Amino acid sequence: MDRSSHPRSRRVVPFVAVAAAAALTLAGCSSGSGGKKSEEGGADASAGKASTPQMTVALVTHQAPGDTFWDIVRKGAQTAADKDNVKLIYSADPNAGNQANLVQNAIDQKVDGIAVTLAKPDALKGVIAKAEAAGIPVVGINSGLSDWKDLGLLEFFGQDETVAGEAFGKKLNEVGAKNAVCVVQEQGNIGLTQRCAGLEKTFEGKTQVLNVNGTDMPSVKSTISAKLKQDSSIDYVVTLGAPFAPTAVQSVQEAGSKAKVATFDLNKELTGAIKDGDIQFAVDQQPYLQGYLAVDGLWLYKNNGNYSGGGEQPVLTGPAFVDKSNVDAVSQYAAKGTR
């Protein structure tokens, strides 16, 4: 679409996305699977459903090596891409400057849309402006809820991390926690900072913040263990990403601590750990839905002028708690890698 139809330029009455998608989805073409550093979906377009012309979407995230959370995001994005006849290009780098370069690469490739995470929004402000100046619609995903409108993004799909943190703090009160350590795997990530801050705001006990190197899991384990040995009164370890929760369980065992572990985010390994009682509960922000809606949203915008939230409100995908009371209902989907 041309720049005159961007929601910052004129008001458009938004449609119901599901109805619009149903009306536009006919019989047609597909895309292939994504990859890590600017990996593209397959060029063969023969197995999808949309009859609209093929478009190219770049999904650029701040994924760190080994962080399996993003596998779920990509699976959702690829599902939408296959349905919508979209060629999906995935790239990621936890370094904000490098991530900005990946967005620039997408601009240079003249993609039809960009979905981007805003873990460190200041570093991406300039390149997002370049994308918008080039007439490329940009949507936010996962991180950056407090910044997406200021940066002129079309839509945002994700979780309000402050609200999620506050809900987590209240949950800790309910289970009788007194001293919680919030483990931050990436310093400077605004979403992680908001999670801990929200927790601290509502938690009636003591909150401590522990920074770890999320790209080095043995270091994560030893750092948490050392903290638990130093402070035996810690009764809850809170991890901010699903891959770190099992490591925290190992740290508790290594330190001889009686602390329990709860986490933000979910994957198929954690559903089993919740069933077994190793993990008390998890906050699910539905990353599959984030990836799916980002790609589908860009397709709807290009082909029908739709944008969710009218350019004013985000589309929230969480938070929701998963514990022993409901884990069985979720685990069947987690086993498929979609929750």
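**How do the residues of the lining of the largest cavity divide into nonpolar, polar and charged?**

Before we start: this is a predicted model, where local features need pLDDT of at least 70, side-chain atom pairs count only at pLDDT 80 or more, and totals for chains, interfaces and linings use all residues. Residues are numbered from 1 along each chain as its sequence is written, and side-chain values use heavy atoms, with hydrogens and water left out.

**Exercise 1. Work out the make-up of the largest cavity.**

Step 1: pin down the terms. On a 1 Å grid over the protein atoms alone, a cavity is a set of points where a 1.4 Å probe fits but cannot get out; lining residues have an atom within 4 Å of a point. Grid points are joined across faces, edges and corners, and a volume is the space filled by probe spheres set on the points.

Step 2: count. That rule gives three cavities of 30 Å³ or more, and the largest cavity has a volume of about 50 Å³.

Step 3: list the lining. Among its residues are Asn142, Ser143, Phe156, Gln159, Ile190 and Gln194. Strand S6 (156–159) and H6 each give two or more residues to this lining, with H6 holding the largest share, three residues. (Helices are DSSP runs of H or I with at least four residues, strands are runs of E with at least two, and both are numbered from the N terminus.)

Step 4: sort. Ala, Val, Leu, Ile, Met, Phe, Trp, Tyr, Cys and Pro go in the nonpolar bin, Asp, Glu, Lys and Arg in the charged one, and the others, Gly among them, in the polar one. The result is three nonpolar, seven polar and two charged.

**Exercise 2. Describe the largest pocket and the second largest pocket.**

Step 1: a pocket is an open set with protein on both sides within 12 Å along at least five of seven lines.

Step 2: take the largest pocket, with a volume of about 460 Å³. It has 32 lining residues, and Ala64, Asp67, Gln185, Glu186 and Leu192 lie nearest its centre. Helix H2 (69–84) and helix H6 (190–202) each supply at least two lining residues, and H6 has the largest share with three. Sorting the lining gives 11 nonpolar, 14 polar and seven charged.

Step 3: do the second largest pocket, which holds about 160 Å³ of space. Its lining includes Thr68, Asp71, Lys75, Lys268, Glu269 and Arg339. H2 and helix H9 (268–276) each supply at least two residues here, and H2 gives the largest share, three residues. The split is two nonpolar, three polar and six charged.

**Exercise 3. Find any disulfide and give its handedness.**

Step 1: search the whole structure for cysteine sulfur pairs within 2.5 Å. One disulfide turns up, joining Cys182 to Cys196 with an S to S distance of 2.1 Å.

Step 2: check the torsion. About the S-S bond of Cys182 and Cys196 the value is about -90°, so the disulfide is left-handed.

Step 3: place the ends. Cys182 sits in strand S7 (residues 179–184) and Cys196 in helix H6, so the pair ties together parts 14 residues apart in sequence. Both Cys182 and Cys196 are buried (under 20% relative accessible area, 1.4 Å probe, protein chains only).

**Exercise 4. Sum up the whole protein.**

Step 1: the secondary structure comes to 11 helices and 13 strands.

Step 2: of the 339 residues, 55% count as buried.

Technical notes:
Buried < 20%, exposed > 50% of the residue type's maximum accessible area, 1.4 Å probe, protein only.
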